[in-house]
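Please look over the sequence and the fold shown below before reading on. The paragraphs that follow are meant to be read with the structure in view.

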Amino acid sequence: MEKELMHVNYIEPSGQFKTVEGEAGASVMSTAKKRGVVGIEAECGGFMSCATCHVYVDPEWIDRVGRAEDLVDDTEDELLEGTVCPRESTSRLSCQIKLDDALDGITVRIPAEQS
Ligand code: FES
């Protein structure tokens, strides 16, 4: 059976807007890497240890995604304190955002620098 496809909108550091398709269960980070979206480095490959997959979730979507400070595990919240571009209230690590029906059409903005 084919996996369900979701739409993900990225605003690259240059301001370029890109809409790509991603599979349900894939992360916003891995979808960006697979589709050639610019600006997400993801040095650790999604193991939540590098913070170079930092994104700003569009405020319209943050309630569905959830805020880093509300997560049960503090690791992401702590990593976001060390990002190169300043953390904002909707900052998340894109390797930790998994696509599902509720996130079809999500928009994230990629910071100017990751490392
Ligand atoms: S890819 Fe390294 S923390 Fe997300």
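What follows leads from the sheet to its strand pairings, then to an arginine and to some backbone angles.

The model is predicted, so that local features need pLDDT of at least 70 and side-chain atom pairs count only at pLDDT 80 or more, whereas totals for chains, interfaces and linings use all residues. Residues are numbered from 1 along each chain as its sequence is written, and side-chain values use heavy atoms, with hydrogens and water left out.

The sheet is open and has five strands in the order β2-β1-β5-β3-β4, with mixed pairing. Strands β2 (17–23) and β4 are its edges, and because each has a single partner strand, one side of each is left without a neighbour in the sheet. From one strand to the next the twist averages 40°, an angle taken between N-to-C directions on a scale from 0 to 180 degrees, with axes that are lines fitted to C-alpha atoms. Strands here are DSSP runs of E with at least two residues, helices are runs of H or I with at least four, and both are numbered from the N terminus; two strands pair if DSSP finds at least two bridges between them.

Strands of a sheet pair through backbone hydrogen bonds, either parallel or antiparallel, and both kinds can be followed from β1. Strand β1 (residues 5–11) runs parallel to β5 (residues 106–109), to which four bridges join it, and V8 stands opposite I106 of β5. With β2, strand β1 runs antiparallel and is joined by seven bridges, and the bridge partner of H7 in β2 is E21. The hairpin of β1 and β2 has five residues between the strands, and in this hairpin G15 takes a positive phi near 100°.

At the edge strand β4 (residues 91–93), R92 has its place. What does the side chain of R92 contact, given that R92 is buried, with a relative accessible area of 2%? It makes a polar contact of 2.6 Å with the side chain of E76, and a polar atom of the R92 side chain also lies 2.7 Å from the backbone oxygen of G66. Buried means under 20% relative accessible area, exposed over 50%, and partly exposed in between, with a 1.4 Å probe and protein chains only. A polar contact is a pair of N or O atoms within 3.5 Å; within protein, one must be able to donate a hydrogen and the other to accept it, and residues adjacent in sequence count only if both atoms are side-chain atoms.

The loop between α1 (28–34) and β3 (54–57) holds M48, a residue other than glycine whose phi is positive, near 50°. A51 is also placed in the loop between α1 and β3; although it is not a glycine, A51 has a positive phi of about 65°, and it is buried, with a relative accessible area of 7%.
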